[in-house]
Amino acid sequence: MYKRIVFVLTAALTLNLFIVATPAMAQGAFVYVPDVVGMTKAEAESELNPRSLVPSYTYEYSDTIPEGHVISQDPVGGTRAIRGSTVALVISSGPQPVYF
């Protein structure tokens with residue numbers, strides 16, 4: 001009988017700790033995504049890396065955004081993302097060359 005009471009109390013305590021600890025652990029899994037649009041590639045990396053966000057890159061020509069600067073990002077700045085997730089950055093290649 002004594003073993004059964006100890007088992008039930010241990011199970012109840014374990015369940016209670018799990019319920020209390022789970023929201024706290026989940027909060028640590030998310031980070032805020034900074035807005036890096038308009039920054040240079042290096043500036044964007046320095047904002048993303050300390051938050052454990054991994055940048056990925058694609059490049060596009062742009063007549064308005066200087067070469068090497070971020071045109072857009074996904075997810076957008078100000079949202080939350082899972083720590084370690086990828087932030088897709090579109091980097092300007094500058095104006096498209098014209099060949100004659």
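Let me start with Ser62, which, once its neighbours within four places in sequence are left aside, is in contact with Ile71, Ser92, Gly94 and Pro95. I should say at once that we are looking at a predicted model. Ser62 sits in the loop between strand S2, residues 54-60, and strand S3, residues 70-74, and a polar atom of the Ser62 side chain lies 3.2 Å from the backbone nitrogen of Thr64. Is Ser62 buried or exposed? With a relative accessible area of 9%, Ser62 counts as buried, because the cut-off for that class is under 20%.

Let me turn next to a second polar residue, Gln73, which belongs to strand S3 and is buried, again with a relative accessible area of 9%. Which backbone oxygen atoms does the side chain of Gln73 reach? One belongs to Pro34, at 3.0 Å, and another belongs to Pro75, also at 3.0 Å. If we set aside residues up to four places away in sequence, Gln73 touches Val33, Pro34, Asp35, Val36 and Val37, and in addition Val87, Ala88 and Leu89.

Several of those names come back when we move to the largest nonpolar core, which has 11 residues in all: Val31, Val33, Val36, Ala44, Leu48, Leu53, Val70, Ala81, Val87, Leu89 and Ile91. The elements that give two or more residues to this core are helix H2, residues 41-48, and strand S5, residues 86-92, and S5 gives the most, with 3 residues. As general background, nonpolar side chains in soluble globular proteins tend to be buried together.

Within this core I would pick out Leu53, which, leaving aside neighbours within four places in sequence, is in contact with the core members Val31, Val33, Leu48, Ala81 and Val87, while its list of contacts also includes Tyr32, Pro34, Ile82 and Ser85.

Finally, let me step back to the whole chain. The protein has 2 helices and 5 strands, and, read along the sequence, these follow the pattern α-β-α-β-β-β-β. Among contacts with a separation of 6 or more, 69% are between residues 24 or more positions apart. How much of the protein is made up of buried residues? They account for 18% of the 100 residues, and Ser62 and Gln73, with which I began, are both in the buried class. As for the surface, the protein exposes about 7,200 Å², and carbon and sulfur atoms supply 65% of that area.

Terms used:
Residues are numbered from 1 along each chain as its sequence is written. This is a predicted model: local features need pLDDT of at least 70, side-chain atom pairs count only at pLDDT 80 or more; totals for chains, interfaces and linings use all residues. Side-chain values use heavy atoms; hydrogens and water are left out. Helices (H or I, at least four residues) and strands (E, at least two) are DSSP runs, numbered from the N terminus. Buried means under 20% relative accessible area, exposed over 50%, partly exposed in between (1.4 Å probe, protein chains only). Contact means heavy atoms within 4.5 Å. Accessible areas come from the Shrake-Rupley method with a 1.4 Å probe; for residues, only the protein chains shown count as cover. A nonpolar core is a set of buried Ala, Val, Leu, Ile, Met, Phe, Trp, Tyr and Cys residues joined through side-chain atoms within 4.5 Å. A polar contact is a pair of N or O atoms within 3.5 Å; within protein, one must be able to donate a hydrogen and the other to accept it, and residues adjacent in sequence count only if both atoms are side-chain atoms.
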